[in-house]
Amino acid sequence: MKITVDFEECLKDSPRFRATIEEVEGDVCELESKLDKLVKLCIGMIDAGKAYNAANKQFVNGIRELAQQSAKDEVIESSLTKFAESLQEMINYHTILFDQAQRSIKTQLQTFVKDDLRKFKEAKKQFDKVSEEKENALIKNAQAPRNKQHEVEEATNILTATRKCFRHIVLDYVLQINVLQSKRRSEILKSMLSFMYAHLTFFHQGYDLFSELQPLMKQLGGQLDQLVVDAAKEKRDMEQKHSTIQQKDFSNDDTKLEYNVDADNGIAMEGYLFKRASNAFKTWNRRWFSIQNNQLVYQKKFKDNPTVVVEDLRLCTVKHCEDIERRFCFEVVSPTKSCMMQADSEKLRQAWIKAVQNSIATAFRDKGDNSEKLDRKSSTSTGSLDSGGEPKERSLKGESALQKVLAIPGNACCCDCGQQDPRWASINLGITLCIQCSGIHRSLGVHFSKVRSLTLDTWEPELLKLMCELGNKVINQIYEARREELGARKPHPGDPRHEVEAYIKAKYVDRRFVRRPSDEELRNKVVSLSKQEKRLSSSSDHLPPKAPPPTPKLRPGSHASGQSVKSADSGIQNSADGSREMLATTPSSNSLADAEAAESKAMPAALPAASPCKEVVFYEPKEYSPGLQLYWASFTRSLPDMAEALAHGAEVNWVNTEEDKRTPLIMAVHGGSLVTCEFLLQNAANVNQLDAQGRGPLHHATMLGHTGQVCLFLKRGANQNAADIDEKTPLSIAVEAANADIVTLLRLAKMNEEMREAEGPYNPSGDETYQDIFQDFTHMASNDPDKLNRYQQYDPQRP
C-alpha cells in the first residue's frame, strides 16, 4: 500500500495529518517486520541449500567411489563418472544460485532496512521531539498572564522559534516518508527480479547440461534393455545347471582331484590339506596346497604370496604315516626338512601321494620341456590380457573450445596445481584451471579472475583466440618468475584447499612471485617494443594504402603519411591449426602476396599519395612505467608483454599525456588486432575513455575502418552518441566514409538500445535479429576478415 503525505497538509499539523503520519508509521513498522522475516527466511534457505550441497557432494563422491570399484566394467565406470561430473556441475550451479540469492535478497534488503529505514526512524524521533516541544510552547504561551509583559514576550518568542523549527523538521520528515514510499517499490522489485534471473540462469544451465547428457542416457537406456534380456537368459541357464547338479549322486562326497601336468595355469594339482606346524605345539592348520612349477606350495588366502614347502620335488620323497593318531596323513620328506599333511579322506590321500610321485618322475624325465610348456602357457595368458586391456581411442566430433585451448603448450594441466585435464579457464588471464582452483579464482572476484567453463559455456571467436595467444606456460613465466628463488612450494593435485587458496592469492592478488624490472630493463623493453612497431610498419610500406579516415589535428613535429597499420579485419590470418593469430605483414607469413592481391582488387585504381591519418611515432618519454609498456605492447599486438605489464602494476586505463591522452585500448585499435582489444576489455579497460580530441576507441575504430573492432566495442557498451571536438559521432564519420558495414552496425546498435529502453526488464538482451547480425560480424571478423574489406575511399571534402 503506497501512502503519500502532502507537504501543505503537514504545515497545518491537522488531525488528518497526524492520522496519516500514524498510518505511515504503522505501515513502515510492518514493512520492516516483513523484510526482516524475508531476510531471515532467505538466510535459512541459503543455509539449507549449503547443507543440501554438502550432502549432494558426499553423494557424488559415493558415485565416484562406486565407479572406481566398477573399474573392470567399462560401461558402468564411464557412465557413473560422467553422471558424477554432471551432478558436480549442478552443485556448482546451485552454489552460484545461493550466492546470487545472498547478494540479491539478503544483502540488498538488509541494506535497505539498515540505511533507509534507519533514516526514517531518526527523522521520526526528531519529529516526535519537536512536536512535544511545540505542544509545550503552545501551553506556555496560553498560560502567560496579561499583566506580565516580559513573560508574554518570552512565551511568544519561544513559540515562534519552536514553530519555525517544527516546520523545517516536519517538512524533512514528510520528504523522508515520500522518498521511502517511492524507494521501497524499486528496491523490493529490483531485489526479487535479480533473484528470479538467477533462477532463470540456473535452470537454463541445468537444461543445457542435461541436453548434452541426454544422448548418453538414451544410449544407456537401450543397452539396459538388452542387459535385462541377457540377465533373464543367464538366470534360466543357471537354474537349469542348478537343477542338473542337484540330481547327481552325492553319496561319495569326496572332492574330485585329478593330476594334470599340462594344465593351462601351470598348476598340476591343488586342494585343501591340513598341515602340521613345526612349532612346539604341533598345531594343525588348513591351507590351500598346489603343485606347480616343480614345487609344492601353499597359501592361506588367495591374495597371499604362496609359501614354498619344497623348492625342488626331485629331491623329495613321499610316504604314508600310520604311526600318528590322526587319519589320512602323509609326509613329504626332503634332505633338509619334512612336512606332515592330512587329507580329508583316504581317497584324497592316495590322490595327493600319487600326484607328488608323478611330479617327481616328470621333473626327472622332462624338466626342461615342462618349464618351456609352463612358460609358454603363462606368456600366452599374459599376452591375451594385455591385448584385451588396451584402451580404445576416443574420437571427438568437430572442433571445440576445449580441444583448441588444451592444445596450447602447458594448458593440458591446471595452471596452479597441475591437475590433469582441466575443464575451466580464467579468460582475463588466459589460463586453464581444474574445478577446485576455478572455485578459488571465482572467490577472488572478477577484478582478479573471470572464470568460464571450457565445456559448458559458449566461446566467442575473439575470446578463444585470446586464450590461444597466452596459455599457462606464458602466464606462469610471469607470475611464477621468482617462485623457486623464494622457495615457495607449488601445490599439487589433492593438496588441502586452504593451501591451494593461499598460494593462488599470493600469486595473483599479492603478486609475490612476479619479478619487478629495473628502470633500465623497463626502458629497454619499451624501446624494443617501439622498434618492433617500426618493423611492422615498414613491412607494410609497399602495400596499397587503405581508405584514410577523417583528418585529426596533428601534433607539432608529426606528419601525414600514406602508410596505415594493418587491422585485424584484413591483416590477421589464422595459422594452419586455427589456434594462433598471425600477422600477415610479418616477413615470416606466406599470405603477404595474397593480401596484396586481395587489397589491390578491393581498392580504387588511383588513390591520393597522402593519408590524413596521424602517424604513430615514438618519442622519448619523461618517465618509463609499466603503463607505458602496456601502451606500446597494445600497439604492437604483443599479448605476453601486455600481461607482463599488468602483472607489474600497469593501470589498464593508463593515459599517455604526451600523446593526446591516448590509452592502451586506443593504441590497440591503431595496432589493428581484435584480440588485444578483447584482452584489455577483459581486464576492465574503459571502452568509453576519451583522448584529447574527445575520441574514444569506437571513434578511432570507425575512422580506421576496423569493422571487427567496432562490432566488439558496441557489444561491450561503447557510447556511439559521443561527439569529438569536431562534433562528429562515430555514425557521422562512418557515413562520410561511406563504410556500409560500420554504418549498419551502428544503426542496428542504436535501434536495439531504443528497443531495450522501451521494453525495460522484459527483454534485457534486445532484438534477436540484432544478436544474430552481430554474431555473424563477430565470426566474420575473426575467421574471414577479408570479407570486411569493402568500404569506399573516405573523402574529407565530400559535401
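**Two sheets, a helix pair and a buried serine**

Phe289 stands opposite Tyr298 in E3. That pairing is a handy way into this model, which is predicted, and it belongs to the contact between strand E2 (residues 284-292) and E3, two strands that run antiparallel and share 5 bridges. The two strands make a hairpin with 2 residues between them, and Asn293 in that turn has a positive phi of about 55°.

Tyr298 turns up again on the way to the next strand. In E4, its bridge partner is Thr307. Strand E3 (residues 295-299) is linked to E4 by 3 bridges, again in the antiparallel sense, and Leu296 stands opposite Val310 in E4. As for exposure, E3 is mostly covered, with 4 of its 5 residues buried.

Stepping back, these strands are part of an open sheet of 7 strands with antiparallel pairing, and the order across the sheet is E4-E3-E2-E1-E7-E6-E5. The edges are taken by strand E4 (307-310) and strand E5 (317-321); each has a single partner strand, so one side of each has no neighbour in the sheet. On average, neighbouring strands here are turned by 40° against each other, direction ignored. As a bit of background, strands of a sheet pair through backbone hydrogen bonds, and the pairing can be parallel or antiparallel.

Further along the order sits strand E7 (residues 338-342). Because 4 of its 5 residues are buried, E7 is largely enclosed by the rest of the structure. On one hand, E7 is joined to strand E1 (residues 267-276) by 2 bridges, with the strands running antiparallel, and Lys275 stands opposite Met341 in E7. On the other hand, E7 pairs with strand E6 (residues 329-333) through 5 bridges, also antiparallel. In that pairing Val332 stands opposite Cys339 in E7, and the hairpin that joins E6 to E7 passes through 4 residues.

There is also an open sheet of 3 strands, in the order E9-E8-E10 and with antiparallel pairing. Its edge strands are E9 (431-433) and E10 (451-453), each of which pairs on one side only. From one strand to the next, the twist averages 35°. Strand E8 (residues 424-426) and E9 are held in register by 3 bridges in the antiparallel sense, and Ser426 stands opposite Ile431 in E9. This sheet has a helix lying across it: helix H7 (residues 435-444) lies across E8, E9 and E10, and runs at about 115° to E9.

Next come two helices that pack together. In general, such a pair is described by the angle between the helix axes and the distance between those axes. For helix H8 (residues 461-469) and helix H17 (residues 674-682), the angle is about 90° and the axes are 9 Å apart. H8 and H17 are therefore roughly perpendicular to each other. On the H8 side the contact is made by Glu462, Leu463, Lys465, Leu466 and Glu469, while H17 brings in Leu674, Val675, Glu678, Phe679 and Gln682. Sorted by character, the residues of this contact come out as 5 nonpolar, 1 polar and 4 charged.

H17 itself is mostly covered, with 9 of its 9 residues buried. Among the buried residues are Thr676, Cys677, Leu680 and Leu681, as well as Glu678 and Gln682, two residues that also take part in the contact with H8. The ends of H17 have their own details. At the N-terminal end, Ser673 acts as a cap, with a side-chain oxygen 3.3 Å from the backbone nitrogen of Val675. Just after H17, Ala684 takes a positive phi of about 75°.

Last up is another serine, Ser638, which lies in the loop between helix H14 (626-635) and helix H15 (639-647). Its relative accessibility is 11%, so Ser638 counts as buried; the cut-off for that label is under 20%. The side chain of Ser638 makes a polar contact of 2.7 Å with the side chain of Asp641. Leaving aside residues up to four places away in sequence, Ser638 touches Leu529 and Ala633.

Terms used: Residues are numbered from 1 along each chain as its sequence is written. This is a predicted model: local features need pLDDT of at least 70, side-chain atom pairs count only at pLDDT 80 or more; totals for chains, interfaces and linings use all residues. Side-chain values use heavy atoms; hydrogens and water are left out. Axes are lines fitted to C-alpha atoms, for helices over the stretch in contact, and angles run from 0 to 180 degrees between N-to-C directions. Angles under 35 degrees count as roughly parallel, over 145 as roughly antiparallel, 65 to 115 as roughly perpendicular and the rest as oblique. Contact means heavy atoms within 4.5 Å. Ala, Val, Leu, Ile, Met, Phe, Trp, Tyr, Cys and Pro count as nonpolar, Asp, Glu, Lys and Arg as charged, and the others, Gly among them, as polar. Two strands pair if DSSP finds at least two bridges between them. Buried means under 20% relative accessible area, exposed over 50%, partly exposed in between (1.4 Å probe, protein chains only). A polar contact is a pair of N or O atoms within 3.5 Å; within protein, one must be able to donate a hydrogen and the other to accept it, and residues adjacent in sequence count only if both atoms are side-chain atoms.
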